[in-house]
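Colleague: I would like to learn how to read the sheets and the helix contacts here, one feature at a time. Could we look at the picture together?

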Amino acid sequence: MTSPAIFAPRSGVLARAADWAIRHPRMFVFLMVLPIVLWLGIVYIGALIALLMQSFFSIDEFSGVVQHEFTLKTYAELLRPSNFAIIARTVAMAAAVTLASAVLAFPMAYFAARYARGKWKALFYIGVMLPLWSSYLVKVYAWKLVLAKEGILTWIFAQLHLSWLLDAVLAIPVVGGNSLSVSYLGTFIVFVYIWLPYMIIPVQAALERVPAPLLEAASDLGATPKQSFRMVLLPLALPGIVAGSIFTFSLTLGDYIIPQIVGSGRLFIGQAVYTQQGTAGNIPLAAAFTVVPIVIMGVYLWGARKMGAFDAL
Amino acid sequence: MTDAVSFRGVSRHFGSVRAVDAVDFDIRDGEFFAMLGPSGSGKTTCLRLIAGFEQPTAGHIEIYGTRAEGVPPYRRNVNTVFQNYALFPHMNVRENVAFGLRVKGVGKAERTRAAEEALALVELAGYGDRRAGALSGGQRQRVALARALVNKPKVLLLDEPLGALDLKLREQMQEELRRLQRALGLTFVFVTHDQEEALSMADRVAVFADGKMQQVGTPEEIYRRPSSRFVADFVGSSNVVPADFAGAGQPGEWASLRPEDIRLDADGREATVLTRAYHGRVVKLGLDLGGQALTALVAPGDTLPEPGARTRIAWDAAKVHVMGAGA
Amino acid sequence: MHSDTKAPLALKLSAIGGLIFLLAPIALIFLYAFTTEEKSYQFPPPGLTLKWIGVTMGRDDVWQALGLSLKVAAIATVLAMVLGTLTAAAVARSRFFGREAISLLVILPIALPGIITGISLRSAFALLDIPFSTWTIVLGHTTFCIVVVYNNAVARFRRTSGSLIDAAMDLGADGVQTFRLVILPNIGTALMAGGMLAFALSFDEVIVTTFTAGNQSTLPIWMLEELVRPRQRPVTNVVAMAVVLVTVLPILAAYYLTRDGAETAGSEK
């Protein structure tokens, strides 16, 4: 036994750097997170804060010049009926889209988690991932094709001799319109379509974690299928639904392209931000508008965290 | 002869948690040393301090006389067999075993030869091309052993290496580890929470609790002369009674009396049988002797008293171990 | 959770209905790329033709937009992979002050509506007098691409048992050797998958891009302009089909990569 108990340090810059890293684990971790802290913590958060600060400035109505003085005037403007209607409309749409997504996603996620196997499982996975990762604009465009007055949906209704039903739906005040592609209903359908995969994935993940014997136990204890759904399955899937709703709600709140392409022409928050910062040149009002979804999402995320939704992400 | 490993006042604190607190001990060259304790007692942290995965917050560690604080694991001529084996899933068995030689720059032909030799040593010759995932638990254990031994380390560390094996396999591996250790003459340091394993395999045992070393000694010393109530109870089970009650030591001191040292004796003191449980080779009696609860292990027989009956018991004063007043 | 019993028919039908709802509109894109109808979205198409594919291939503006999109996506993906992997390694492997804050920070750019990321970057560029360029687009894209790389990498780091790294060092591998011989082979497929998804995400992004692009056009910006003010619908149809094809391939590849990874990781348990 002549070999040493401790070998000599290796030479070379990299080897010495590695030695140093082992001896200073805290510094090493610090160096690893430094780039992300600089990028997101300083550049991104810095930009967010700079934007938020602008919402406390105001614009001179005559010259159109931003006045760099602290004021709450811009926030007061948000409460003007025309602006407040934009906020209410967007939040109502986000809520409706979230609810519809949850209702549509549950059976799909449940089927995929509980019954799908082998080929079906792969088909479901790809069936959800494909629309999720396909081009957002292409998907919106596809729906413009589907919903157009001369498009496939009108044709299907005509083939089934149900044109009267479509006309009746379009005749409903507020949600209806000249055709689906220029109605709230159309906007709603496209929103649900685009964000649905974001709901399916976390719900499925939550359901995958429910052990099958748990449901057997529930029925063994005398629960009807309805009761075991309400008392066992739903509570266990809830964190997944909440996690999914973070996406559906937040994405709907901030989107400005879907209502612009498929919709009635009435503005949503995203469009208001876009026009205020662009053509209107009113950065303070645009910034104040962005604060609305930030605050809503802040409250939402805080609540979701309490419900344990982050574990389901 | 220099000791293999020396701990001098070694502490490892994680924030306010004192995982290891001011520990001193020496591991002799070529001995089979067991570190025994319940989970969270600091035994695994001690092992990781020797391997270099942890650095001491205070004190110093010597490996064969060389100071080891601040030395990273890969510069220590010490190898570990991990609790979950930690075999590399992307390599086959031979590549796993040859890994240590590969990173030290040993040529391919030489390291393949050495790997095959090490595999033969653990009776896995011919398994080189298999994936680690395709092996049974016992085989993985042997691969992990070969992977460490191929480097000819000065000290081999084993972290609960038998914990995941079933009883039969475990007994077989215990013997095999002893055989390997004697054949190679290496220093083995073994962490376990299983007192029987520690007693049967080790030359010396260190008992840990709450980050402190409670006692170190040969298995017989630990068993016969436990230094504290904790050691008496953790290593085997024991009746910890006032020393004067047991007929030894001074009033105020405590003593340990092993259940198997109590015998039924017509000339003994009268006790009441509270419980009786048949364990195969022995029968366990729960007794009440003048208000003192005692457990006794006696040979099975036709004449054993029923629960509720009175009987007479006795023990040799020489078997009573006085631990002192502080225990 | 898995059951061997058959699914109730109603559940099966609604699940399949959901799949059709998700996939049929995308299939429609392929049909319209070959329609002879130029002025409307008429269904069924009056006739089919390959003519518009040729026309689209000859369009310079489409090629330029495609080139810019590929360039931005490539750079943003590389940056996101470096940043995301480093962060994932730190978060998964050690506990440190602010660890929770960092995992939240990474999610923030996708948790907040894209328009907020877009407009705050735009106003920051304006405040700092940074002119719009390819790099301002890259900066925006990297910000929200980090999270997909991070998510893939952090999941794999957590599954890759920490004792593997200990084992490598114990056997004499220094930090560099451990990374090359043990860490990289174990997280490689997850990194590739994360990178591909980041690439697809960047290639497709429009909301942040409208705020950070100035007057350059990525392919999504080109499409958006066509959607808002249609100039030549058949060309848009063909581009839409091409975009579906370009994004689908990396997704399928990423699926196969992570699927294999999950299997090898599972067999180690």
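Modeller: Let us begin with a sheet of chain B, an open one of six strands in the order β6-β7-β8-β3-β9-β10, with mixed pairing. The strands, like the helices, are DSSP runs numbered from the N terminus, with E over at least two residues for a strand and H or I over at least four for a helix, and two strands pair if DSSP finds at least two bridges between them. This is a predicted model, in which local features need pLDDT of at least 70 and side-chain atom pairs count only at pLDDT 80 or more, while totals for chains, interfaces and linings use all residues. Residues are numbered from 1 along each chain as its sequence is written, chains are lettered from A and ligands numbered from 1 in the order in which they are written, and side-chain values use heavy atoms, with hydrogens and water left out.

Colleague: Which are the edge strands of this sheet?

Modeller: They are β6 (78–81) and β10 (212–217) of chain B, each pairing on one side only. Neighbouring strands are turned by 20° against each other on average, direction ignored. At the β6 edge, β6(B) runs parallel to β7 (residues 155–159) of chain B over four bridges, and B:Thr80 stands opposite B:Leu157 in β7(B).

Colleague: And what is the strand order in the open sheet of four strands?

Modeller: In chain B that order is β2-β1-β4-β5, and the pairing is antiparallel. β2 (17–27) and β5 (66–67) of chain B each have a single partner strand, so one side of each is left without a neighbour in the sheet. Further in, β1 (residues 5–14) and β4 (residues 58–63) of chain B pair in the antiparallel sense over five bridges, with B:Val5 opposite B:Ile63 in β4(B). Helix α1 (residues 43–51) of chain B packs on this sheet and touches β1, β2 and β4 of chain B, contact meaning heavy atoms within 4.5 Å; its direction makes about 115° with that of β1(B).

Colleague: What does UniProt place at residues 5–235 of chain B?

Modeller: An unreviewed UniProt entry places the feature "domain: ABC transporter" there, although such annotations may be inferred rather than shown by experiment. Over that stretch the chain is 36% helix and 26% strand, and the end C-alpha atoms are 24 Å apart.

Colleague: How should I read a pair of packed helices?

Modeller: Axes are lines fitted to C-alpha atoms, for helices over the stretch in contact, and angles run from 0 to 180 degrees between N-to-C directions. Angles under 35 degrees count as roughly parallel, over 145 as roughly antiparallel, 65 to 115 as roughly perpendicular and the rest as oblique. In chain A, α4 (residues 81–114) and α11 (residues 225–254) pack at about 135°, with their axes 9 Å apart, and are therefore oblique to each other.

Colleague: Which classes of residue make up the contact of α4(A) with α11(A)?

Modeller: Ala, Val, Leu, Ile, Met, Phe, Trp, Tyr, Cys and Pro count as nonpolar, Asp, Glu, Lys and Arg as charged, and the others, Gly among them, as polar. The residues that meet include A:Phe106 in α4(A) and A:Leu233 in α11(A), and the contact has 15 nonpolar, six polar and no charged residues.

Colleague: What is the angle between α3 and α10 of chain C?

Modeller: Helix α3 (residues 60–93) and helix α10 (residues 219–228) of chain C pack at about 135°, with their axes 7 Å apart, which makes α3(C) oblique to α10(C). C:Asp61, C:Val62, C:Ala65, C:Leu66 and C:Ser69 in α3(C) meet C:Leu219, C:Pro220 and C:Trp222 in α10(C), and these residues divide into six nonpolar, one polar and one charged.
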